[in-house]
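Let's walk through this one together, a question at a time. Have the sequence and the model open as you read.

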Amino acid sequence: MTAHSGRHFLQIPGPTNVPGRVLNAIAQPTIDHRGPDFADLTRDLLQRVKPVFGTSGPVVIYPSSGTGAWEAALVNTLSPGDRVLAFETGHFSTLWRDMAQRLGLVVDFVPGDWRRGADPAAVAERLAADTAHSIAAVMVVHNETSTGVTSRIPEIRAAIDEANHPALLLVDTISSLGSIDYRHEEWGVDVTISCSQKGLMLPPGLGFNAISEKALAAAPKARLPKAYWDWAPILEANERGFYPYTPATNLLYGLREALLLLDEEGLPNVFARHNRHAAATRAAVRGWGLEILCADEREHSSVLTAVLLGEEHDADKVRQIILDRFDMSLGAGLSKLAGRVFRIGHLGDFNDLTLAGTLSGVQMGLELAGVTVDPAGLQAALEVLRAE
Ligand code: PLP
């Protein structure tokens, strides 16, 4: 391995760069998780975390990755044999489908080409056809991290309402929360699933479920087996400021600091920053003469851009050159996109010059890999950054 000086560029779409203030917070001594200081921390955090989800309701925090939070949402609301509606938007929606099936749910999986989000018209059509109301939940990945496509949740909610259908709406915001505008309560989402290592700028290790009143009411009737993931004992212990297991104390210190950082910048400014960086990245990709994987202008992700290369090029080779020469990690193409795309993460603790450096590295790496690119791409991105 070549020795590199300077800081590694971690430009995968999560885990993201952890700010120094968050790292310092995590480095504080671990305290008694049954003592009064911990109770104060929990109560404070459980309030502070709500605005990021856009909710006034409860948020359960698990010591888990996002996959655990997926499972928690399903087992707390559904019963064996329940039908759920899901959409093939990419690698992560497919993994969530697989999990639902393994848990004993029957998944209606709307096929997709991995270049678009969940289609609100398909939601309307499927739910209107379900006159017996046998579909218990609609599962949507808000930001499909494998493709750089953001589904239109308000339109999906409107489609459910138009069909006058009682299905719960479960939304994965694992790579969008704290980076892309999201409103659990206003958009009528029943369970919002998220985790720590993306827009919240923490290391991996915390999973979240934000829960609507309707989902809370559904929980006692849900018969999928659950123990560790059960909301009820956690919510009950949270009342007193505790958890029914040993929580990830130091990550919770980090969460408090990360929420302070988001609050200081102001969530609308955080969202605008990500929108702007995404626009600059798209300007670079188009300027290079390359193709963006997302095929719908309304659905471009503000947190990552997936770049599709022609058949003659190997995207993994491009990433390898960029890693070796410039010490920058980019996201790989996942499952059926392996070798065809690379993903530029522009989320979390990130500023104009981080993006300028990132895009410089990508442009040089493409050139070194023999991909013909117009160097005007980088200039186009810098103009977007300079303009506002
Ligand atoms: N859903 C989405 C949209 C993701 O991006 C990821 C991980 O990147 C997951 C789910 C799985 O989360 P985890 O790897 O933390 O279990």
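Q: How many Å does helix H11 reach from its first C-alpha to its last?
A: Keep in mind that this is a predicted model. H11 covers residues 267–288, which makes 22 residues. At 1.5 Å a residue you'd expect 32 Å. The model comes out close to that, with a reach of 32 Å.

Q: Which residue follows H11, and what is its phi near?
A: H11 takes in residues 267–288. Right after H11 sits glycine 289. The phi of glycine 289 is positive, near 90 degrees.

Q: How does the reach of H4 sit against its expected length?
A: H4 runs over residues 66–77, twelve in number. At 1.5 Å a residue, 16 Å is expected. From the first C-alpha to the last, H4 is close to that, at 17 Å.

Q: Is H4 mostly covered or mostly open, and how many of its residues are buried?
A: Buried here means under 20% relative accessible area. Among the H4 residues that make the cut are Gly66, Trp70, Leu74 and Thr77. H4 is mostly covered, and its buried count is ten of twelve.

Q: Which element gives the largest share of the shell around the ligand?
A: The ligand's surroundings include Ser65, Phe92, Asn143, Asp172 and Gln197. Gly66, Thr67 and Trp70 are in that shell too, and H4 spans residues 66–77. With three residues, the largest share comes from H4.

Q: What is the make-up of the ligand shell by class?
A: Val141 and Ile174 are among the residues around the ligand, as are Thr145 and Lys198. Sorted by class, the shell has four nonpolar residues. The rest of the tally is six polar and two charged.

Q: How far from an oxygen atom of the ligand is a polar side-chain atom of threonine 67?
A: Start with glycine 66, where a backbone N or O atom lies 2.8 Å from a ligand oxygen. For lysine 198, a polar side-chain atom is 2.7 Å from an oxygen of the ligand. For a polar side-chain atom of threonine 67, the distance to a ligand oxygen is 2.5 Å.

Q: What percentage of the ligand's area does the protein bury?
A: Threonine 67 has a polar side-chain atom 2.5 Å from a ligand oxygen. Taken alone, the ligand exposes 380 Å². Of that area, the protein buries 86%.

Q: In what order do the strands of the five-strand open sheet run?
A: The pairing in this sheet is mixed. The edge strands, each pairing on one side only, are E1 (9–11) and E11 (291–292). The order across the sheet is E1-E13-E14-E12-E11.

Q: Which residue in E12 stands opposite isoleucine 292?
A: E11 and E12 are joined by two bridges. Their pairing is antiparallel. Opposite isoleucine 292, E12 has valine 307.

Q: What is the bridge partner of leucine 304 in E14?
A: E12 (residues 304–308) pairs with E14 over five bridges, in the antiparallel sense. On its other listed pairing, E14 runs antiparallel to E13 (residues 328–332), with two bridges. There, glycine 331 has arginine 343 as its bridge partner. For leucine 304, the partner in E14 is glycine 345.

Q: Why is E14 described as largely enclosed by the rest of the structure?
A: Look at the two faces: Val341, Arg343 and Gly345 are buried on one side, Phe342 and Ile344 on the other. E14 is largely enclosed because its buried count is five of five.

Q: Which residue in E10 is the bridge partner of valine 59?
A: E10 (residues 207–211) is largely enclosed, since five of its five residues are buried. E9 (residues 191–195) runs antiparallel to E10 with five bridges, and valine 191 stands opposite isoleucine 211. E2 (residues 59–62) is antiparallel to E10 as well, over four bridges. The partner of valine 59 is alanine 210.

Q: Is threonine 147 buried or exposed?
A: Threonine 147 lies in the loop between E6 (143–144) and E7 (149–150). Its C-alpha is 8.7 Å from that of serine 301, though the two are 154 residues apart in sequence. The relative accessibility of threonine 147 is 0%, so it counts as buried.

Notes
Residues numbered from 1 in each chain as written. Predicted model: local features only at pLDDT ≥ 70, side-chain atom pairs only at ≥ 80, totals over all residues. Heavy atoms only, no water. Expected span 1.5 Å × (residues − 1). Buried < 20%, exposed > 50% of the residue type's maximum accessible area, 1.4 Å probe, protein only. Near = heavy atom within 4 Å. Polar contact = N/O pair within 3.5 Å; in protein donor to acceptor, adjacent residues only side chain to side chain. Areas by Shrake-Rupley, 256 points an atom, 1.4 Å probe, with all protein chains shown as cover. Nonpolar A, V, L, I, M, F, W, Y, C, P; charged D, E, K, R; others polar. Pairing = 2+ DSSP bridges.
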